Amino acid sequence: MKNILMPIAFLAGILTFAQTEKDTLKSKEKAIEGVTVTVRKPTIESKVDRTVFNVANSSVLAGNTTWDVLRMTPLVSIDNNDAIKAEGETVTVYINDRKSVFTGKELKEYLKTIPADNLMKIEVITSPSSRYEATGSVINIVLKKRDDEGFKGSVTLNNRQNTKNSQYANLNVNYHKKNFTQTLIGSYGNNINVQRNSSIQTIYADNSTTFRNAKTIGESRNPSLSSTSEFELNSKNTVGVILEYYQSNSLSTADADGLKNVDGIFANSYTQSRNSDGLNRNLGTNLFYKWYDKEKNKILDINLGSNYYGESTNDYFVKNIIDAASPTVIQNQQIGVLTDTENRNYYVKVDYTQPLGKSGGNFEVGGKMDFNNNVIPNSLYGNMLSGLSSHDVFHYEDNINSLYANYSKTFFKKLETRIGLRYEHIDYKIRQDIAGTSRKDSYGKLLPNILLKYSFSDKYDLSLTYSKNIWRPWYAEFNPFMIPNSDGFYSRGNISLEPNPSDRVYMKLGILKKYFISARYMFTDQDYWTDYVTEGNKTISQESNFAGKVHKYYVFANTNQTFFKNKFTVNLGLGWYYIDNSDFNQKNSLSNANNYISYLSASTNLTYTNLFNKNINISAWVEVSNQNNGNSVTNKPNIFHNISATKIFPKTQMEVSLQLMNIFQRPNYDATTYVQGGTFRNSSKWDWYGASISFVKRFGNQKVKENTKTDVEKNGGGGK
């Protein structure tokens, strides 16, 4: 049934595009006015500390989710494990300046519940101030804020045909009356994804080679609901509450096979099947109070919140093994894995901003208390293997307290400055109930941040930033309980992981406000990356500490141009990376790894608005990316592309959009990981290709305004 939905939807789209010329002529004046009445910002803005992707009113929004648009954001890439990166480095994601509690696949599923139609812009903050938690670059997703009187909103229906067929529906309602604003968003998605993986593992000690292949088909049903209520007590005081809920019911099947040769002679082989089902839920609450004195430009922002995340999964593996010693005997292993995760997060955050002195300086100060209590019970059943525990409960608790201060000022009307200092202290406890493994630790870090920008004239400016950052392991990466994977491997965490500190220097030159050249240097002498170890006949992936100096250099050129009376926008970016891993490889005995890595990356966004004055918007996006991380090096670049066309009917407030995703080349991740005593080459083919069609029906007044700026770095000290 689902397979016939796509042609039906496509036919409906053609019929909608073919509305009578009479209707088009009658609404021509309104149509043109509807497109041009809003002052359009450049699609891409390159600021001193961030690159801004202004997606409001863009054709890339129709029928997409926030996750889809994030893929198309300049400087952003997403690897085969769904980790989001900016300029090749792992990032922290914020939504309206509020840090997300999710990462990896959890974050992906959450962002897929937020309709792109709600997006104002996406900020890629490569030089964040001390206001942000010290994890390197930041991606801030800014949502639209509607405050015109009455009801307004939109309904979106999307059908996407990849290898399988998927559907997505969304209802977005906003109500504003005098001092009260209420927003309600509900969505439902039924997504089916197909992924293929293959790997070649080489072990030097016994001259063995293992080949593995796997195919996974996953289906998820994702209802979600979010509510934002805001009430202006008076001209200075506002209170509000945000409630978020999303759920995912998932089913997946996977088939895998493997073959191991020693000195070119058959040693063993296996086939494996996996069936999995799971249910996860998230409930988030945020109570906020804001005091804003517009005359004196003073802002007090207080946030109190909690987040709950629960996930229950049941994985069942059937594995048949043939060994060269007994080729007529088939070993049958049947293992089930029950996992029940419960994460609780509580926080209170206070930020205050005010001018300082009569010379135009701004001062910002704030702090946050964050508490996490995460519990992961794991149980195995079936035919047990040696080296596997049948049951354990993993606990992770932490308390992170932070304080920060920023001061910004402009001298001589040409020199913008910002200096900041952040202090973070963490206490954390880790333990297993049955194995008895435990760890208790704490540490504090001072993290300075400096920004300088000098404007030689209206046409030329130069900026320089320095920051010290620290990236902490994710709680699940500590869990040492070992479980099987769908590709025949096993995985576990590492309770001994240490954080990764780094120093970054960033410089940017702006020419004619259209051309930007930036350079970055990053240094670290300690990190943790994916490692592969062999124990008996099991290959185990885990995160491990790697000591050693790594120097990273990066040069990026970007331009944003408009043509044909600002209807056609072109953004082009080209980057060159150079990584010195020589000390890192030597200290970790990675003898065959590349000591020096250099590669190019590039991306372009093309947008044409109101084509032929028929309210047709066309956009295209192409990205060439490489994923080089620590001890993993890509063997060939990945090419992503997306082409979309949107027809707008202002009279009826309808939109129809057709997208073509990666139709010329399917995404294929291919990288080699170097470990002590061997190499591990992975290849993954994603399911992100095909075509989709979307229908959007809007109602009410659709005028929007940006969220009130609460961060001083957006108004001065490098925010320009």
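Nineteen residues line the largest cavity, and Leu 75, Ser 77, Tyr 577, Ser 601 and Glu 623 lie nearest its centre. The model is predicted. The space in this largest cavity is about 210 Å³. Counting cavities of 30 Å³ or more gives 17.

## The largest cavity

Its lining is mixed in class: ten residues are nonpolar, seven are polar and two are charged. Four strands each supply at least two residues of the lining. They are β3, β27 (538-563), β29 (596-608) and β30 (616-625).

## The sheet around β3

One of those lining strands, β3, also belongs to an open sheet of three strands. The order is β3-β4-β5, and the pairing is antiparallel. β3 (76-78) and β5 (89-90) stand at the edges with a single partner strand each, so one side of each has no neighbour in the sheet. β3 and strand β4 (residues 84-86) are joined by three bridges and run antiparallel. Across this pair, Val 76 faces Ala 86 in β4.

## The six-strand sheet

A second open sheet has six strands, in the order β1-β2-β8-β9-β6-β7. Its pairing is mixed. The edges are β1 (44-46) and β7 (98-99); each has a single partner strand, so one side of each is left without a neighbour in the sheet. Within the sheet, strand β8 (residues 119-125) pairs with strand β9 (residues 138-143) in the antiparallel sense over six bridges. Ile 122 has Ile 141 in β9 as its bridge partner.

## Antiparallel pairs compared

Several antiparallel strand pairs are set out below, each with one pair of facing residues.

| Strand pair | Bridges | Facing residues |
|---|---|---|
| β10 (150-161) and β36 | nine | Ser 154 and Arg 698 |
| β33 (654-661) and β36 | eight | Met 661 and Gly 690 |
| β17 (326-356) and β18 (361-382) | 20 | Leu 338 and Ser 379 |
| β18 and β19 (391-411) | 18 | Glu 364 and Asn 406 |

β36 pairs with β10 and also with β33. How much of β36 (residues 690-699) is buried? Eight of its ten residues are buried, so the strand is largely enclosed by the rest of the structure. Its facing residues in the table are Arg 698, opposite Ser 154, and Gly 690, opposite Met 661.

β18 likewise appears in two pairings. It pairs with β17 over 20 bridges, and 18 bridges join β18 to β19. β17 and β18 form a hairpin with four residues between the strands. There, Gly 357 takes a positive phi near 80 degrees. Leu 338 stands opposite Ser 379 in β18. On the β19 pairing, Glu 364 stands opposite Asn 406.

## A buried helix

Helix α5 (residues 104-111) has seven of its eight residues buried, so it is largely enclosed by the rest of the structure. The buried residues are Gly 104, Glu 106, Leu 107, Lys 108, Glu 109, Tyr 110 and Leu 111. Glu 106, Lys 108 and Glu 109 are thus among the buried positions of α5.

## Two residues in detail

Ser 632 is found in strand β31 (residues 632-634). Is Ser 632 buried or exposed? Ser 632 has a relative accessible area of 11%, so it is buried; the cut-off for buried is under 20%. Its side chain makes a polar contact of 2.7 Å with the side chain of Thr 673. Beyond neighbours within four places in sequence, Ser 632 is in contact with Gln 627, Thr 672 and Thr 673.

Asn 594 lies in a loop, between α6 (582-587) and β29. With a relative accessible area of 37%, Asn 594 is partly exposed. Which residues does Asn 594 touch, not counting those up to four places away in sequence? They are Asn 581, Asn 585 and Val 633. Asn 581 is 13 residues away along the chain, and the C-alpha atoms of Asn 594 and Asn 581 are separated by 7.4 Å. Val 633, another of these contacts, falls in the range of β31 (residues 632-634), the strand that holds Ser 632.

Note on methods:
Residues are numbered from 1 along each chain as its sequence is written. This is a predicted model: local features need pLDDT of at least 70, side-chain atom pairs count only at pLDDT 80 or more; totals for chains, interfaces and linings use all residues. Side-chain values use heavy atoms; hydrogens and water are left out. Buried means under 20% relative accessible area, exposed over 50%, partly exposed in between (1.4 Å probe, protein chains only). Two strands pair if DSSP finds at least two bridges between them. A polar contact is a pair of N or O atoms within 3.5 Å; within protein, one must be able to donate a hydrogen and the other to accept it, and residues adjacent in sequence count only if both atoms are side-chain atoms. Contact means heavy atoms within 4.5 Å. On a 1 Å grid over the protein atoms alone, a cavity is a set of points where a 1.4 Å probe fits but cannot get out, and a pocket is an open set with protein on both sides within 12 Å along at least five of seven lines; lining residues have an atom within 4 Å of a point. Grid points are joined across faces, edges and corners, and a volume is the space filled by probe spheres set on the points. Ala, Val, Leu, Ile, Met, Phe, Trp, Tyr, Cys and Pro count as nonpolar, Asp, Glu, Lys and Arg as charged, and the others, Gly among them, as polar.
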